[in-house]
Amino acid sequence: MELALDRLAHEPGVRVCVTATQGSVPRGPGTQMLVFGRGEEGTIGGGHLEFQALAHARHLLAGQTTQTTLRQVLGPSLGQCCGGAVELAFEAVSAADLPRLRQLLMPRRTPLALFGGGHVGKALVRALAPLPFTVRWIDSRDEIFPDDVPDGVACEHSSPVQAAVADLVPGSRVLIMSFSHAEDLDIVVACLKRQRVQGDLPFVGLIGSQTKWATFRHRLEDRGFSAEEIGHITCPIGIPGITGKEPEVIAVAVAAQLLQTL
């Protein structure tokens with residue numbers, strides 16, 4: 001969407017917004033897209049509904065209509081059998097509207113702290129790039145991060161690595177996958193101590209096998225954490241049923257699990 005907003009600085013467009021829905025529909029109220037004379041950014045659900053919306057938006061751009069609302073029933077006439085109805089609003093926009101549109105169109109992002117710049121960490125950062133997360137990527141090693149990272153990713157060197165836990169943004173999701181089990185344990189301990197006091201880390205995930213987690217659980221018990229506190233840690237990470245060990249496969253499974261926490 002950032003590229004589309006940059007484009008709007010030089011050419012007019014139309015903002016299409018789903019204002020109301022009834023029954024089964026592809027996207028909910030508030031869903032938006034930007035349409036230009038050629039090309040668009042975003043989607044209101046695809047299919048013939050979107051085809052009609054694009055056509056109407058371009059008619060508005062060309063001065064061929066002044067109608068700024070449409071109601072579409074997702075039935076046989078549109079070749080879609082959802083059975084619901086969608087109300088759309090169309091607004092002609094230009095460079096003058098950019099400050100307001102940045103507020104309306106840029107997605108709200110959830111903070112995520114990712115500890116570990118290894119192969120899985122790199123794959124996960126790529127998988128998360130189009131998703132609604134702001135990533136704070138943390139490692140104790142120098143020169144571990146790639147030169148090109150996606151927008152919304154801030155790379156940080158921290159030594160000791162667990163020191164970064166203290167100033168995480170409240171509400172951060174945390175993923176722990178450092179190069180060292182000892183570092184992993186230190187980060188887990190720091191997260192549990194913060195959770196004990198502040199209770200503001202909704203999800204703390206640790207990469208590893210059941211065997212690794214059994215060892216960690218015993219060590220956490222020895223450090224005085226209760227079963228309830230230890231139960232706040234998710235290990236292994238990733239949605240069930242995906243068994244591949246490749247970094248990209250793990251990244252997809254973990255990204256899906258993170259989306260379940262929103």
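How many cavities of 30 Å³ or more does a search of the whole structure find? The search turns up one. A cavity here is a set of points, on a 1 Å grid over the protein atoms alone, where a 1.4 Å probe fits but cannot get out. The model is a predicted one, so local features need pLDDT of at least 70 and side-chain atom pairs count only at pLDDT 80 or more, while totals for chains, interfaces and linings use all residues. Residues are numbered from 1 along each chain as its sequence is written, and side-chain values use heavy atoms, with hydrogens and water left out.

The largest cavity holds about 40 Å³ of space, a volume being the space filled by probe spheres set on grid points that are joined across faces, edges and corners. Its lining is made up of Val125, Leu128, Ala129, Phe133, Val135, Asp151, Gly152 and Val153, where a lining residue has an atom within 4 Å of a point. Helix 4 (119-128) and strand 7 (133-139) are the elements that give two or more residues to this lining; helices (H or I, at least four residues) and strands (E, at least two) are DSSP runs numbered from the N terminus. By type, the lining splits into six nonpolar residues, one polar and one charged. In this scheme Ala, Val, Leu, Ile, Met, Phe, Trp, Tyr, Cys and Pro are nonpolar, Asp, Glu, Lys and Arg are charged, and the others, Gly among them, are polar.

Then there are the pockets, each an open set of points with protein on both sides within 12 Å along at least five of seven lines. The largest has a volume of about 440 Å³. It is lined by 15 residues, with Met1, Met106, Pro107, Arg109 and Ala129 the closest to its centre, and the lining divides into nine nonpolar, one polar and five charged. Ala129 also belongs to the lining of the largest cavity. The second largest pocket offers about 320 Å³. Of its 15 lining residues, Gly208, Pro236, Ile237, Lys245 and Ile250 lie nearest the centre. Helix 8 (residues 247-260) supplies the largest share of that lining, three residues, and the mix this time is eight nonpolar, six polar and one charged.

Next, the sheet. Six strands form an open sheet in the order 8-7-6-9-10-11, with parallel pairing; two strands pair if DSSP finds at least two bridges between them. Strand 8 (153-157) and strand 11 (233-234) sit at the edges with a single partner strand each, so one side of each has no neighbour in the sheet. Further in, strands 6 and 9 run parallel and are joined by four bridges, with leucine 114 taking leucine 175 in strand 9 as its bridge partner.

Glutamate 156 belongs to the edge strand 8. At 23% relative accessibility it is partly exposed, on a scale where buried means under 20% relative accessible area, exposed over 50%, and partly exposed in between (1.4 Å probe, protein chains only). Its C-alpha lies 7.2 Å from that of arginine 136, 20 residues away along the chain. Leaving out residues up to four places away in sequence, Glu156 touches Arg136, Trp137, Ile138, Asp139, Phe145 and Ala164, contact meaning heavy atoms within 4.5 Å.

The largest nonpolar core has 26 residues, and those touching the most other members are Phe115, Val174, Ile176, Cys191, Leu206, Trp213 and Leu220. Such a core is a set of buried Ala, Val, Leu, Ile, Met, Phe, Trp, Tyr and Cys residues joined through side-chain atoms within 4.5 Å. Strand 6 (110-115), strand 9 (173-176), helix 5 (181-198), strand 10 (203-206) and helix 6 (210-222) each supply at least two of its residues, and helix 5 gives the most, seven. A second, separate core of 22 residues includes Phe145, Val153, Ala251 and Ala255.

Two further buried residues round off the picture. Aspartate 184, in helix 5, counts as buried because its relative accessibility is 0%. Beyond four places in sequence, Asp184 touches Ile176, Met177, Ser178, Leu206, Lys212 and Phe216. Glycine 205, in strand 10, is likewise buried, with a relative accessible area of 0%. Its contacts, with the same sequence exclusion, are Val174, Leu175, Ile176, Thr234 and Ile237. Glycine 205 and cysteine 235 are 30 residues apart in sequence, with 6.0 Å between their C-alpha atoms.
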